[in-house]
Amino acid sequence: MRLYSLSVLYKGDPKVHLLKAAYDVSTFNFFQRSSVQEFMTFTSQLIAERSALGSRASVKEQEYLCHVYVRNDGLAGVVIADNEYPQRVCFTLLDKVLDEFSRQVSKMDWPSGSPTTISYSALDGYLSKYQNPRDADPMTRVQAELDETKIILHNTMESLLERGEKLDDLVSKSEVLGAQSKAFYKTARKQNSCCEIM
């Protein structure tokens with residue numbers, strides 16, 4: 001999972017222009033990096049230009065996904081990531097960046113701003129921090145921990161049965177299961193055994 005660019009743009013009338021951007025082109029060939037970066041800027045501007053005010057969208061381009069959020073005030077953010085990067089985390093990042101940007105940079109500077117005139121330095125830090133969505137986003141971390149818990153519980157049940165105990169014995173000794181449930185279990189086991197023989 002990887003993020004390649006994070007851009008803040010202004011969707012004016014009639015064009016979109018770049019206010020600030022951060023790039024991670026380290027995985028590309030050294031001689032291609034400047035071209036890749038230019039292409040990411042072009043793509044970000046094009047997607048923001050073609051997106052309506054107040055909209056969020058994800059656009060697939062080869063093995064990349066471009067996530068765009070255009071606010072009603074014309075401020076827009078674009079994240080370019082690989083296909084594996086979680087979409088929800090991208091939009092969380094865009095919300096956070098655009099909110100912070102709008103608090104730190106005067107709205108009067110947006111229509112005439114450019115990367116050289118806008119004073120906002122947090123994009124590189126966000127791009128770096130969000131490379132691992134699990135570290136950057138609490139919901140992703142919780143989901144990963146839940147997935148690990150499922151795996152641990154599954155392994156615990158398997159290891160319990162490997163210690164010489166059989167599930168059949170546990171069922172027959174159980175005080176929680178009624179006679180009807182035990183009979184159902186035995187019938188199901190017999191049917192499964194017959195199916196395995198065939």
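In this predicted model, the largest nonpolar core holds 27 residues, and Leu3, Leu6 and Phe101 touch the most other members. Five elements each give two or more residues to this core: the strands S1 (3-11), S2 (16-23) and S5 (75-82), together with the helices H2 (87-104) and H3 (123-129). The largest share comes from H2, which gives 8 residues. Separate from this core is a second one of 17 residues, which includes Leu9, Leu18, Ile47 and Ala76. In soluble globular proteins, nonpolar side chains tend to be buried together.

Leucine 3 shows what surrounds one of the best-connected members of the largest core. Leaving aside residues up to four places away in sequence, leucine 3 touches Asp24, Val79, Ile80, Ala81, Tyr85, Cys90, Leu93, Leu127, Tyr130 and Gln131. Among these partners, Val79, Ile80 and Ala81 fall within the range of strand S5 (75-82), while Cys90 and Leu93 fall within that of helix H2 (87-104). Leu127, another partner, falls within the range of helix H3 (123-129).

The chain as a whole has 7 helices and 5 strands. Their order along the sequence is β-β-α-β-β-β-α-α-α-α-α-α. Of the 198 residues in the chain, 36% are buried. Among contacts with a separation of 6 or more, 53% are between residues 24 or more positions apart.

Helix H1 (33-50) contains both threonine 41 and alanine 48. Alanine 48 has a relative accessibility of 0% and therefore counts as buried. Again leaving out residues up to four places away in sequence, its contacts are Leu9, Lys11, Val16, Val68, Val70 and Ala76. Two of these partners, Leu9 and Ala76, are named members of the second core. Alanine 48 and glycine 74 are 26 residues apart along the chain, and their C-alpha atoms are separated by 9.6 Å. Threonine 41 is buried as well, because its relative accessibility of 15% is under the 20% cut-off. With residues up to four places away in sequence left out, threonine 41 touches Leu18 and Tyr23. Leu18 is another of the residues included in the second core.

The table lists the relative accessibility of four buried residues.

| Residue | Relative accessibility |
|---|---|
| Alanine 48 | 0% |
| Cysteine 90 | 1% |
| Cysteine 66 | 3% |
| Threonine 41 | 15% |

Two of the listed residues are cysteines: cysteine 66 is buried, and so is cysteine 90. A disulfide is a covalent bond between the sulfur atoms of two cysteines. The count of disulfides in this model is 0.

The largest pocket has a volume of about 190 Å³. Its lining is made up of Tyr4, Phe28, Val36, Phe39, Met40, Thr43, Glu61, Gln62, Tyr64, Cys66 and Ile80. By class, 8 of these residues are nonpolar, 2 are polar and 1 is charged. Helix H1 (33-50) and strand S4 (64-70) each supply at least two residues of this lining, and H1 gives the most, with 4 residues. Cys66 of the lining is the buried cysteine with 3% relative accessibility, and Ile80 of the lining is also among the residues that leucine 3 touches.

Notes:
Residues numbered from 1 in each chain as written. Predicted model: local features only at pLDDT ≥ 70, side-chain atom pairs only at ≥ 80, totals over all residues. Heavy atoms only, no water. Core = buried A, V, L, I, M, F, W, Y, C linked by side-chain atoms within 4.5 Å. Buried < 20%, exposed > 50% of the residue type's maximum accessible area, 1.4 Å probe, protein only. Contact = heavy atoms within 4.5 Å. Disulfide = S-S within 2.5 Å. 1 Å grid on protein atoms, 1.4 Å probe; cavity = no way out; pocket = protein on both sides within 12 Å on 5 of 7 lines; lining within 4 Å. Points joined across faces, edges and corners; volume = space filled by probe spheres on them. Nonpolar A, V, L, I, M, F, W, Y, C, P; charged D, E, K, R; others polar.
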